[in-house]
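Biologist: I am new to this structure and would like a close look at a single part of it, namely one of its sheets. Could you walk me through that part slowly, and tell me beforehand how far the model can be trusted?

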Amino acid sequence: MKVIAFVRKEQGTGASRRLRNAGQTPGIVYGGSEAPVNISLDHNALYHALKKETFHSSILDLEIDGSVQKVLLRDFQVHAYKQLVLHADFQRVDAKQTIHVKVPLHFINADVAPAVKLSGAIISHVIADLDITCLPADLPEFVEVDLTNIEVGHSIHLADLKLPKGVTAVSQENLTIATASIPAGKVEAEAPAAAAAPAAEAPAADKK
């Protein structure tokens, strides 16, 4: 994805306010062997880009006054109640240097999982994204979590995931990714029904 930016010479609270009033968002790009550069970006373009999942977990082409750099979005601030992006931070990436990134998890095949298909279970997503390390060229847009074989009372853990080539999970723990369980209300409703069944089927007492 490409992001257009311009060098921002004026700094300070007043300058940032004027920039936002003009439909621009202040930002900064840092990292690598170059010095940090203060930049400005078109607010509306940035606002809509932030709604795209890939914008947060992809290597971006940041063009500053005609020069393109490979960067990652590292942080951004939004107004508490206005649809306003206040600031954005980008980090330069080196093709030969490992990066640490958080990527989203995509859960697939829940509809064919035994827990759902046979038992009406609910699949709970314990975490929505995963911290990984990899070279920039190996960065995936997302990591898939295949729920095909999950059964009631079981869970999918980090060790169960098939990470793309060149990608390593940061956590050393076998994190729980998703669980399958029967909703509490359904369990309570089935229990009285199960208890009533034997009584209804009991043979009548012999009459004397």
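Modeller: Confidence comes before the sheet, since this is a predicted model: the chain has an average pLDDT of 88, and 88% of its residues reach a score of at least 70. One stretch calls for care, namely residues 191-196, where pLDDT stays under 50 and where the model shows zero contacts beyond four places in sequence. Where pLDDT is low, the predicted coordinates should not be read in detail.

As a setting for the sheet, the chain has 208 residues, of which 30% are buried, and its secondary structure consists of five helices and 13 strands. Among the contacts with a separation of 6 or more, 65% join residues that are 24 or more positions apart, while the surface that the chain exposes comes to about 12800 Å², with 53% of it supplied by carbon and sulfur atoms.

Now to the sheet itself, which is open and is built from three strands in the order β8-β13-β11, with antiparallel pairing. Its edges are formed by β8, residues 122-125, and by β11, residues 155-157, each of which pairs on one side only. Direction ignored, neighbouring strands of this sheet are turned by 15° against each other on average. Looking closer at one pairing, β8 runs antiparallel to β13, which spans residues 176-181, and the two are joined over four bridges; within β13, A180 is the bridge partner of I123.

Notes: Residues numbered from 1 in each chain as written. Predicted model: local features only at pLDDT ≥ 70, side-chain atom pairs only at ≥ 80, totals over all residues. Heavy atoms only, no water. pLDDT = per-residue confidence, 0-100. Contact = heavy atoms within 4.5 Å. Buried < 20%, exposed > 50% of the residue type's maximum accessible area, 1.4 Å probe, protein only. Areas by Shrake-Rupley, 256 points an atom, 1.4 Å probe, with all protein chains shown as cover. Pairing = 2+ DSSP bridges. Axes fitted to C-alpha atoms, helices over the stretch in contact; angles between N-to-C directions.
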